[in-house]
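Work through the following exercises with the sequence and the 3D view side by side. Each one sets a task and then solves it step by step.

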Amino acid sequence: MTQETVAPTSDAVLDREETISRDELEALQLSRLQHTVAYAYDRVPLYKRKFDEAGVRPGDLRELSDLGKFPFTTKEDLRLEYPFGMFAVPQHEVARIHASSGTTGRATVVGYTKKDLADWAKLVARSLRASGVRPGMKVHNAYGYGLFTGGMGAHAGAEALGCTVIPISGGQTERQITLIQDFKPDAILATPTYLLTIADAMMKQGIDPASTSLKFAVLGAEPWTEEMRHELEEMMNIKACDIYGLSEVMGPGVAGEAVETQDGSHIWEDHFRPEIIDAFDPSVVLGDGEPGELVFTSLTKEALPIIRYRTKDLTRLLPGTARPAHRRMGRITGRSDDMIILRGVNLFPSQIEEIALRIPELSPHFQLELTRPEGQRMDQLTVKIERRESVTVEGVASAAKVLQQQIKIHVGSSCAVDVVEPGSLERSNGKLRRIYDMRPKA
């Protein structure tokens with residue numbers, strides 16, 4: 001039997017909101033924003049309290065720039081209102097509940113009405129279509145299912161687009177490989193580090209990752225670099241695009257990258273109003289092109305409207321390209337809560353990834369270990385990174401020295417480098433842990 005595939009086309013039918021002008025989009029944003037702040041004030045006690053304490057009322061929002069007068073929402077607000085205090089509708093109108101893992105405290109709980117779920121599926125479908133996925137394609141979904149929004153959110157969007165979904169979820173890497181070979185999907189949805197895990201496991205089985213049926217990868221849920229994109233595209237002979245979202249704002253599909261430009265994810269601004277603020281002085285709203293912390297306000301959510309949510313993601317807003325009215329996000333350089341302050345220098349795991357993948361002898365598999373040697377007052381960073389299979393002992397020493405020098409030049413801080421054997425570091429089964437803080441607890 002011959003494999004039946006669906007060729008991607010350049011004449012995909014776009015949503016009307018993808019094609020409107022910037023002026024039309026901002027008029028729509030203002031109308032929806034005015035409704036949302038009034039809706040949240042009337043229905044969510046937290047927002048009534050926060051607005052009153054800040055001395056603002058919904059009627060104070062007369063133009064888009066007035067949004068800066070309103071208070072922020074944080075993850076801590078959602079934790080304090082656990083479990084359902086942020087919901088703006090009665091329980092019987094909540095069609096589904098998702099939640100974070102709660103590994104660092106109480107889980108953050110989010111809810112969706114039937115309309116919210118339909119909007120979510122539409123935006124994920126829009127994101128997948130932008131990234132090259134087309135109706136009729138088979139989509140291998142390796143995002144985790146369950147309370148995490150990734151798996152079910154991506155699944156519903158792919159079905160809404162008209163795809164055949166293979167709901168494998170995360171983990172079970174050997175089975176993932178078997179199904180990719182047997183079911184011959186056209187696209188895969190996963191975190192970038194887990195797709196790397198799958199590709200590595202294929203090579204260990206003697207399978208060329210570039211020989212599979214996969215043509216497109218839509219990757220998200222963790223920051224990744226252009227160097228990682230190049231690594232995956234070369235290794236697997238695919239086009240890899242970003243998809244962005246977070247549970248508190250909706251889930252995956254808040255923004256998506258266009259396959260024809262691969263220049264950052266377009267934010268679907270008919271449903272979300274983004275801002276960039278100074279991460280160190282949140283009262284300062286920055287202009288387009290300036291780097292800072294990303295903030296989102298939902299414009300259409302019913303069960304859990306969110307006003308000026310501080311994402312902790314560090315990026316900047318850029319003009320739209322493939323979807324001109326919708327601004328793009330620059331690559332996320334890191335999260336403010338993942339930032340390592342080492343001897344007064346700010347450092348993110350993505351910076352190490354970017355530098356390491358420019359050194360041919362080193363693989364994308366690395367960990368950052370923070371220690372404080374006994375009797376010393378200064379913290380020590382050790383980059384543990386795997387060598388590539390073909391690298392000699394001499395090559396290992398040379399690569400370690402280059403990485404150490406490049407980190408010092410481009411990041412501004414000294415570190416130790418430990419090049420380890422291939423396959424010796426933990427592999428991703430979803431979101432990968434990069435930072436291991438081994439310093440003594442105070």
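Helices (H or I, at least four residues) and strands (E, at least two) are DSSP runs, numbered from the N terminus. The model is predicted, so local features need pLDDT of at least 70 and side-chain atom pairs count only at pLDDT 80 or more, whereas totals for chains, interfaces and linings use all residues. Residues are numbered from 1 along each chain as its sequence is written, and side-chain values use heavy atoms, with hydrogens and water left out.

**Exercise 1. Describe the protein chain as a whole, and decide whether its radius of gyration agrees or disagrees with that of a compact globule.**

Solution. Begin with the secondary structure, which comes to eleven helices and 22 strands in the protein chain. Next take the radius of gyration, computed over C-alpha atoms, and the globule rule, which is 2.2 Å times the number of residues to the power 0.38. For 442 residues the rule gives a value near 22 Å, and because the protein chain has 22 Å, the two agree. The C-alpha trace spans about 70 × 70 × 40 Å along its principal axes.

Then turn to burial, where buried means under 20% relative accessible area, exposed over 50%, and partly exposed in between (1.4 Å probe, protein chains only). By this rule 55% of the 442 residues of the protein chain are buried. Finally consider contacts, meaning heavy atoms within 4.5 Å: of those between residues at least 6 apart in sequence, 66% join residues at least 24 apart.

**Exercise 2. Find how far apart the end C-alpha atoms of helix α2 are, and which elements its buried residues pack against.**

Solution. The expected span of a helix is 1.5 Å times one less than its number of residues. Helix α2 (residues 22-43) has 22 residues and should therefore span 32 Å, and its end C-alpha atoms, 31 Å apart, agree with this. Now list its buried residues, which are Leu25, Gln29, Leu33, Thr36, Val37, Tyr39, Ala40 and Tyr41. In reading such a list, recall that an α-helix has 3.6 residues a turn, so residues three or four places apart point the same way. The partners of the buried residues of α2 are α3 (45-54), β10 (272-278) and β12 (292-298).

**Exercise 3. Work out how many residues of α5 are buried, and what the sign of phi is at the glycine that follows α5.**

Solution. Apply the span rule to helix α5 (residues 114-130): its 17 residues should span 24 Å, and the end C-alpha atoms are 24 Å apart, which agrees. Counting the covered positions shows that 13 of the 17 residues of α5 are buried. After α5 comes Gly132, with a positive phi near 110°.

**Exercise 4. Locate Pro83, Lys184 and Asn237, and say what the backbone does there.**

Solution. As background, most residues other than glycine have a negative phi, and most peptide bonds are trans. Tyr82 and Pro83 are joined by a cis peptide bond with omega about -5°, and Pro83 sits in the loop between α4 (75-80) and β1 (96-99).

Lys184, which is not a glycine, has a positive phi near 50°; Lys184 belongs to the loop between α7 (173-183) and β5 (187-190), and because its relative accessibility is 33%, Lys184 counts as partly exposed. Asn237, also not a glycine, has a positive phi near 55° and lies in the loop between α9 (226-236) and β7 (239-246). With a relative accessible area of 53%, Asn237 is exposed.

**Exercise 5. Trace the surroundings of His140 and Gln176, asking of each whether the residue is buried or exposed.**

Solution. Start with His140 in strand β3 (residues 138-141), which is buried at 0% relative accessibility. Although His140 and Ile166 are 26 residues apart along the chain, their C-alpha atoms are separated by 4.8 Å. Leaving aside neighbours within four places in sequence, the contacts of His140 include Ile166, Leu179, Pro185 and Gln176.

That last contact leads to Gln176, in helix α7, and Gln176 is likewise buried, at 0% relative accessibility. With neighbours within four places again set aside, Gln176 is in contact with several residues, among them His140, Ala142, Tyr194 and Ile198. Gln176 and Met202 are 26 residues apart in sequence, and their C-alpha atoms lie 9.9 Å apart in space.
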